[in-house]
Amino acid sequence: MTARAARPGRPLLRLRFAGYAFFLPFFVFFLVAVVAPLMYAIYLSFFQDRLIGGTVFSGLANYTRALGDALFGAGLLRVALFLVVQVPIMLLIALACALAIDSGRLRWPSLFRIAIFMPYAVPAVVAALMWGYMYGDQFGLVGQLGDALGVAAPDLLSRSWMLTSIGNMVTWEYVGYNMIILYAALRAIPEELYEAAEMDGAGAFRIAWSIKLPALRPALLVATIFSIIGSFQLFNEPNILQKLAPAVISTGYTPNMYAYNLAFNGQQINYSAAVAVVLGLVTVVIAYAVQLLTARREQTL
């Protein structure tokens, strides 16, 4: 009886071991590539290099300095403004593209989907170089169009236009990525809901408003959180454009650029680690706040 009773548990035990075996490579990679660098950065942030005494434990001194750093604060405010304006515009365009493809009224929807997604396959550095060339008011496409039309082209690399120019680049790059997330969520909606709505006389707009948009809320939340994280990690685009407009983009234009330049140009590795940790905490807090507000709104609906 005991042997027979133990047999049914063996396949379950094998399945558990198989699950752990499949999970183990990711777990090891996660520890090595994410957890270990993060712990090391936190460790570095509690020390300071001094002329007398060398590297000494400084407690929260680096964090106190970061919280009062005007350059770091200005960079945070800049990317926060970027987030508030660029992310909604990008997600609205991605949503419109996903709904258009899912509507079934487009010719060659596969070609349209690939064309929208293709900019995401372009490396960010290459995209920044390409757009930087086009933005040039004297040597670029914008300047050439202005000369051809006989009008003064705006300087898209000036201080007043720079954040908008970067926002245009990021939108061009990531609309397709977010469109794929939303389109995948649309394809997961059961066809029975559409059939029932059509039988009740609902039109295309009513179906989109009452069925598709409510079903897209989880996917929109995921895309929003990814976009928030990406906004605070803004680095490649302003770093490349800095070579074209050094008077506009400083070394602390974004928090990521500031941390990078502190570490590799200023040799302030410990303070750079503290700045990076504070930036990570700010990103986590804002992403969690968005998720919490969305969850509360879902409960009230």
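**Entry 1: a buried serine**

I call a residue buried when its relative accessible area is under 20%. I am working with a predicted model, and I keep that in mind throughout these notes. My opening look-up was Ser227, which is buried because its relative accessible area of 8% falls under that 20% limit. I found Ser227 in helix H11, which covers residues 217–232. Which residues does Ser227 touch, not counting those up to four places away in sequence? I listed Val87, Met90, Leu91 and Asn178.

**Entry 2: salt bridges**

Next I turned to charged pairs. How many salt bridges does a search of the whole structure find? The search gives 2.

I noted one between Arg187 and Asp102, where the closest N and O atoms are 3.4 Å apart. Arg187 sits in helix H8 (residues 162–187) and Asp102 in helix H4 (residues 70–102), so I wrote this down as a link between distant parts of the chain, 85 residues apart.

I then looked up the salt bridge of Asp102 with Lys212, whose closest N and O atoms are 3.0 Å apart. Lys212 belongs to helix H10 (residues 204–215) while Asp102 is in helix H4, so this pair ties together parts 110 residues apart in sequence. Because the salt bridges share partners, I can treat Asp102, Arg187 and Lys212 as one network.

Is Asp102 buried or exposed? I have it down as buried, since its relative accessible area is 12% and the limit for buried is under 20%. Lys212 is buried as well as Asp102.

**Entry 3: two residues at 0%**

I looked up Ala127 in helix H6, which runs over residues 124–135. Ala127 has 0% relative accessibility, so I count Ala127 as buried. Leaving out residues up to four places away in sequence, I see Ala127 touching Val122, Met169, Trp172 and Glu173. I also checked the distance from Ala127 to Val28: these two are 99 residues apart along the chain, and their C-alpha atoms are separated by 33 Å.

Gly176 is in helix H8, the helix in which I had already placed Arg187. Why does Gly176 count as buried? Its relative accessible area is 0%, and under 20% is what buried asks for. Its contacts, apart from neighbours within four places in sequence, are Ile116 and Phe117. I also set Gly176 beside Ala94: they are 82 residues apart along the chain, with their C-alpha atoms separated by 6.7 Å.

**Entry 4: patches on the surface**

Then I moved to the outside of the model. Which residues gather in a patch of negative charge on the surface? They are Glu191, Glu192, Glu195 and Glu198. I looked further at Glu198, which lies in helix H9 (residues 191–199). At 54% relative accessibility, Glu198 counts as exposed, because exposed means over 50%.

I also wrote down a nonpolar patch on the surface, with Phe23, Leu24, Phe26, Phe27, Val28, Phe30, Leu31, Val32 and Val34 as its members. Together these residues have about 790 Å² of accessible area. Val28 is the residue I had paired with Ala127 for a distance in the entry above. I picked out Val32 from this patch and found it in helix H2, which spans residues 9–44. Val32 is exposed, with a relative accessible area of 57%.

**Entry 5: positive phi in two loops**

Here I checked backbone angles. Trp108 has phi near 50 degrees, which is a positive value in a residue other than glycine. Where is the place of Trp108? I found Trp108 in the loop between H4 and helix H5 (109–121). Trp108 is exposed, at 63% relative accessible area.

Gln267 also has a positive phi in a residue other than glycine, near 55 degrees. I located Gln267 in the loop between helix H13 (255–264) and helix H14 (269–300). I count Gln267 as exposed, as its relative accessibility is 55%.

**Entry 6: an in-between case**

My final look-up was Ala295 in helix H14. Ala295 is partly exposed, because its relative accessible area of 34% falls in between the 20% and 50% limits. I also noted Pro218 as a partner for a distance: Ala295 and Pro218 are 77 residues apart in sequence and 9.8 Å apart in space, C-alpha to C-alpha.

Definitions and conventions: Residues are numbered from 1 along each chain as its sequence is written. This is a predicted model: local features need pLDDT of at least 70, side-chain atom pairs count only at pLDDT 80 or more; totals for chains, interfaces and linings use all residues. Side-chain values use heavy atoms; hydrogens and water are left out. Helices (H or I, at least four residues) and strands (E, at least two) are DSSP runs, numbered from the N terminus. Buried means under 20% relative accessible area, exposed over 50%, partly exposed in between (1.4 Å probe, protein chains only). Contact means heavy atoms within 4.5 Å. Patches are made of residues with over 30% relative accessible area and no salt bridge: like charges are joined within 9 Å, nonpolar side chains (Val, Leu, Ile, Met, Phe, Trp, Tyr) within 5 Å. Accessible areas come from the Shrake-Rupley method with a 1.4 Å probe; for residues, only the protein chains shown count as cover. A salt bridge is a side-chain nitrogen of Lys or Arg within 4 Å of a carboxyl oxygen of Asp or Glu. Lys and Arg count as positive and Asp and Glu as negative; His and the chain ends are not counted. The place of a charge is taken as NZ of Lys, CZ of Arg, CG of Asp or CD of Glu.
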